[in-house]
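Colleague: I would like to learn how to read the features of a model such as this one, going from a single residue up to the chain. Could we take them one by one, with the general idea before the case?

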Amino acid sequence: GELAEAEHDLATIRAALQEAETRAADFSAQLKAAEETTEAYVSGLEAELLDAKSASEAVSVDLRAAEEQAAARMSGLEAELSGAKVASEAVSVELAAAVAAGDALQGEVAALQTRLESAEAAMGCTQRGL
């Protein structure tokens, strides 16, 4: 009887041990699956972070290029404006010279008109004297 009872206890212990090993194996498999899922999630986040950094760098490069383009365009426009001001000043000087030349010409015309009238008057006197 005692031997049968000991064998029975031993069988019960073996069955409990087998069940514990099965549960431990299941738990280990679940833990491994959870680790793989976590690693995949972390890898995905790292990839997204790299993509976001790349996109941000691309935007920075585009922004720098746009700023350089705008600065170059502004510089070109400032140069054009400066050239236009110089040309405008030159035209103003030429216009003033043309006005002065016109005034001088009017003076000459008036002087010639006076001389003509004097000459005509002198000729009139000479003709009457004859």
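Modeller: Let us begin with accessibility, where a residue is called buried under 20% relative accessible area, exposed over 50%, and partly exposed in between, using a 1.4 Å probe and protein chains only. Glu5 has 52% relative accessibility and therefore counts as exposed. This is a predicted model, in which local features need pLDDT of at least 70 and side-chain atom pairs count only at pLDDT 80 or more, whereas totals for chains, interfaces and linings use all residues. Residues are numbered from 1 along each chain as its sequence is written, and side-chain values use heavy atoms, with hydrogens and water left out.

Colleague: In which helix does Glu5 lie, and how many helices and strands does the protein chain have?

Modeller: Helices are DSSP runs of H or I with at least four residues, strands are runs of E with at least two, and both are numbered from the N terminus. Here the protein chain has one helix and zero strands; Glu5 lies in helix H1, which covers residues 2-129.

Colleague: What separates the C-alpha atoms of Glu5 and Tyr41?

Modeller: Glu5 and Tyr41 are 36 residues apart along the chain, and their C-alpha atoms are separated by 53 Å. Further along helix H1 is Glu117, which is 27 residues from Ala90 in sequence and 40 Å from Ala90 in space, C-alpha to C-alpha. Glu117 counts as partly exposed because its relative accessibility is 46%.

Colleague: What radius of gyration does the protein chain have, set against a compact globule of 130 residues?

Modeller: The radius of gyration is taken over C-alpha atoms, and the globule rule is 2.2 Å times the number of residues to the power 0.38. A compact globule of 130 residues would come near 14 Å, but the protein chain has 55 Å. Along the principal axes, the C-alpha atoms fill a box of roughly 190 × 15 × 10 Å, and buried residues make up 1% of the 130 residues.

Colleague: How many salt bridges are counted, and which residues form them?

Modeller: A salt bridge is a side-chain nitrogen of Lys or Arg within 4 Å of a carboxyl oxygen of Asp or Glu, and by this rule the count comes to two. In one of them Arg23 pairs with Glu19, with the closest N and O atoms 3.3 Å apart; the two residues are separated by about one helical turn because they are four residues apart in helix H1. Arg23 is exposed, with a relative accessible area of 56%, whereas Glu19 is partly exposed at 47%. Lys32 forms a salt bridge with Glu36, and there the closest N and O atoms are 3.6 Å apart. Lys32 and Glu36 are also four residues apart in helix H1, so about one helical turn separates them; Lys32 counts as exposed at 52% relative accessibility, and Glu36 as partly exposed at 44%.

Colleague: Which residues make the nonpolar surface patch?

Modeller: Patches are made of residues with over 30% relative accessible area and no salt bridge, where like charges are joined within 9 Å and nonpolar side chains (Val, Leu, Ile, Met, Phe, Trp, Tyr) within 5 Å. The nonpolar patch, of about 300 Å², is made by Tyr41, Val42 and Leu45. Tyr41 is found in helix H1 and counts as exposed because its relative accessibility is 58%.

Definitions and conventions: Accessible areas come from the Shrake-Rupley method with a 1.4 Å probe; for residues, only the protein chains shown count as cover.
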